[in-house]
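Please examine the sequence and the three-dimensional model shown below. The paragraphs that follow lead through its strands, its cores and its helices in turn.

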Amino acid sequence: MLHTTRAIVLRTFRHGDRTVVLKALTEGFGMRAYMVRAGGKGGAAAAALQPLSRLEMVVTEHVEREMHSVRELRVQRPYTQLHTDPVRGTLALFVQEVLYRTLREGSADEALFAYVEEALEAMDTATDIRCFPLVFLLGLSAHLGFRPEGPGPGEDRFDLKEGHFTRDRAAHDHTIGQPLSGHLAALLQADLGSMGRLEVPAAHRRELLDHLLLYYRLHTATSGELRSPGVLHQVLG
C-alpha cells in the first residue's frame, strides 16, 4: 500500500550501482530503512539524500519486511543557511550523529518528529546558536524518556547517573558541581526559541556538552564517543 509521509534523512548507504539504503526518521512510521533508486533518469537527486534533508516521500510499506521502498521523494523544505555557513554545517553533523546513534525503529512518534523539525529549523535560522547543542540535547532527552529533573531547594549538584539534582555528592564520580549545575538548571528552563538569551561562558558550554554526552551514554544504548563534539568545541568557542 502506498503512503505519503514527511521524513528526515539520517544516513544513506550505497547498495548497488544505482540504489542506496536510506535510513530516515519519518512522521508516519518512525525510524525506517528504505531502498531508493539514486541518480540517472527517474532516480533521486543526490541533494535530496544529504543528511538531515527534509523530504516528502511516497513509500510502500511491507509489513513483513525490515526494508521498505520509496516510489517518489522530493525536498519539502530546503535550508537557507545550513549549506553555506560552516558553523551551522558542523552543528548539522552533530545533530545527525546524535539522532542516528540514539533513535531506534518503532512506531510513529509525531511529537518526536515535530521536535526534530523544530530543532532543524532553529539550527538553520536562529541568530544565536551558541547554546543550541545543549538545548537540543535536553529537549531530545524529554522525547527519549530521560530528561533531567530540575533542582529543588538547596540542590546544587546534578547526578548524571540518577538524572536529578541533589544536595550531596554521590558515591560515584558522575556528578556536576557549581557553576555548571547552575547553568544546567537555567538551560532546563529554556527552549529553542529562547536559547539566544542564555549567558553561558564558552568554557562552561564545552564542559556541559561533554557532561550531557556522558549523560546520554549512561541512559541510552549509545556506545562510544561521537566524532563531532571536538569540532563543535572549536567552531562554537
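**From the first strand to the cores**

Residue T4 lies in strand β1. The model discussed here is a predicted one. With a relative accessibility of 55%, T4 counts as exposed, since the threshold for that class is over 50%. When residues up to four places away in sequence are set aside, T4 touches E56, M57 and V58. A long-range reference is given by R206: T4 and R206 are separated by 202 residues in sequence and by 41 Å in space, C-alpha to C-alpha.

Strand β4, which spans residues 54-60, contains T60. Is T60 buried or exposed? Its relative accessible area is 9%, and T60 is therefore buried, the limit for that class being under 20%. Beyond its neighbours within four places in sequence, T60 is in contact with M1, L2, H68, S69 and R71.

The loop between β3 (30-37) and β4 holds L52. The backbone of L52 has a phi near 75°, a positive value in a residue that is not glycine. L52 has 0% relative accessibility and so counts as buried. In addition, L52 belongs to the largest nonpolar core, a set of 56 residues in which L52, F94, F132 and F136 touch the most other members. Two or more residues of this core come from each of β1 (2-14), α1 (86-102), α2 (110-125), α3, α4 and α5 (202-219). Helix α2 supplies the largest share, with 8 residues. A second core, separate from this one, comprises 16 residues, among them V20, A24, Y34 and M57.

Helix α3 covers residues 132-144 and has 13 residues. From its first C-alpha to its last, α3 reaches 18 Å, close to the 18 Å expected at 1.5 Å a residue. Why can α3 be described as largely enclosed by the rest of the structure? The reason is that 10 of its 13 residues are buried. These buried residues are F132, P133, L134, V135, F136, L137, L138, G139, L140 and S141. Of these, F132 touches L91, V95, A119, A122, M123, L192 and M195, when residues up to four places away in sequence are not counted. Just after α3, G145 adopts a positive phi of about 95°.

The next feature is a sheet. Three strands in the order β7-β6-β8 form an open sheet with antiparallel pairing. At its edges stand β7 (164-166) and β8 (175-176), each with a single partner strand, so one side of each has no neighbour in the sheet. Strand β6, residues 157-159, pairs with β8 in the antiparallel sense over 2 bridges. Within that pairing, F158 has I176 of β8 as its bridge partner. Helix α4 (residues 180-188) packs on the sheet and touches β6, β7 and β8. The direction of α4 makes about 140° with that of β7.

Between β8 and α4 lies the loop that contains P179. The peptide bond from Q178 to P179 is cis, with omega near 5°.

Terms used: Residues numbered from 1 in each chain as written. Predicted model: local features only at pLDDT ≥ 70, side-chain atom pairs only at ≥ 80, totals over all residues. Heavy atoms only, no water. Pairing = 2+ DSSP bridges. Helix = DSSP H or I, 4+ residues; strand = E, 2+ residues; numbered from the N terminus. Contact = heavy atoms within 4.5 Å. Axes fitted to C-alpha atoms, helices over the stretch in contact; angles between N-to-C directions. Expected span 1.5 Å × (residues − 1). Buried < 20%, exposed > 50% of the residue type's maximum accessible area, 1.4 Å probe, protein only. Core = buried A, V, L, I, M, F, W, Y, C linked by side-chain atoms within 4.5 Å.
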